[in-house]
Amino acid sequence: MSLNDVYTELIMEHCKSKHNERELKDFTVSNRGHNPSCGDDITLNIKLNGDIIEDATFTGVGCAISKASTSMMIDLIKGKSKEEALSLVDKFIGMIKRDITDEEELEILEDAIVLKNVSNLPARVKCAVLAWHTLRESI
Ligand code: ZN
């Protein structure tokens, strides 16, 4: 199995597992992210408890990359403060733009690090960053 297969598997795993893809009844903020070039249309629902992201989910339609990226992001930000979440957004976008290439610095992105190779696919970059931009607008 090549490294690329592992990446694909992780992306498919996040895409199939619906643990983050559901309605959230008691959300505090809900924000829609739309990427017309691919058709991704995802709504991010966040429940804030003071400064802490207590829960987050998403609904909508999207390609495998956008859904996997959203799900990975949600796993990462739950239980984090707004400030911590925003710093993760900067790291992720920095990784995709190749501004940040230091593997150690990117380790905090956990599963989402597998999306690094998306930076080689300009057409998919918007799919990968959609949820992260939406999160930044939401908090
Ligand atoms: Zn897409």
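User: In this predicted model, which residue is the bridge partner of S30 in β2?

Analyst: N45 is the partner of S30. That bridge belongs to the pairing of β1 and β2, which is antiparallel and has 7 bridges.

User: What joins β1 to β2?

Analyst: A hairpin, with 4 residues between the two strands. Look at G39 in the turn: its phi is positive, about 105 degrees.

User: How many bridges join β2 to β3?

Analyst: There are 9, and the strands run antiparallel. Strand β3 covers residues 52–61. One pair to inspect is I46 with its partner A56 in β3. This hairpin has 2 residues between its strands. G50 sits in the turn, with a positive phi of about 65 degrees.

User: How should I read side chains along a strand?

Analyst: In a regular strand they alternate between the two faces of the sheet.

User: Now helix α5. What end-to-end span should I expect?

Analyst: Use 1.5 Å a residue. Helix α5 has 17 residues, 122–138, so the span should be 24 Å. The end C-alpha atoms lie 25 Å apart, which agrees.

User: Where is the kink in α5 centred?

Analyst: On V129, with a bend of about 40 degrees.

User: Which residues of α5 are buried?

Analyst: First, the general idea. An α-helix has 3.6 residues a turn, so residues three or four places apart point the same way. In α5, the buried residues are C127, A128, V129, L130, A131, W132, T134, L135 and S138. V129, the centre of the kink, is among them.

User: What do the buried residues of α5 pack against?

Analyst: Two strands, β1 (29–35) and β2 (40–49), and two helices, α2 (64–77) and α3 (82–96).

Technical notes:
Residues numbered from 1 in each chain as written. Predicted model: local features only at pLDDT ≥ 70, side-chain atom pairs only at ≥ 80, totals over all residues. Heavy atoms only, no water. Expected span 1.5 Å × (residues − 1). Bend = angle between axes of the 7 residues up to and from the residue. Buried < 20%, exposed > 50% of the residue type's maximum accessible area, 1.4 Å probe, protein only. Contact = heavy atoms within 4.5 Å. Pairing = 2+ DSSP bridges.
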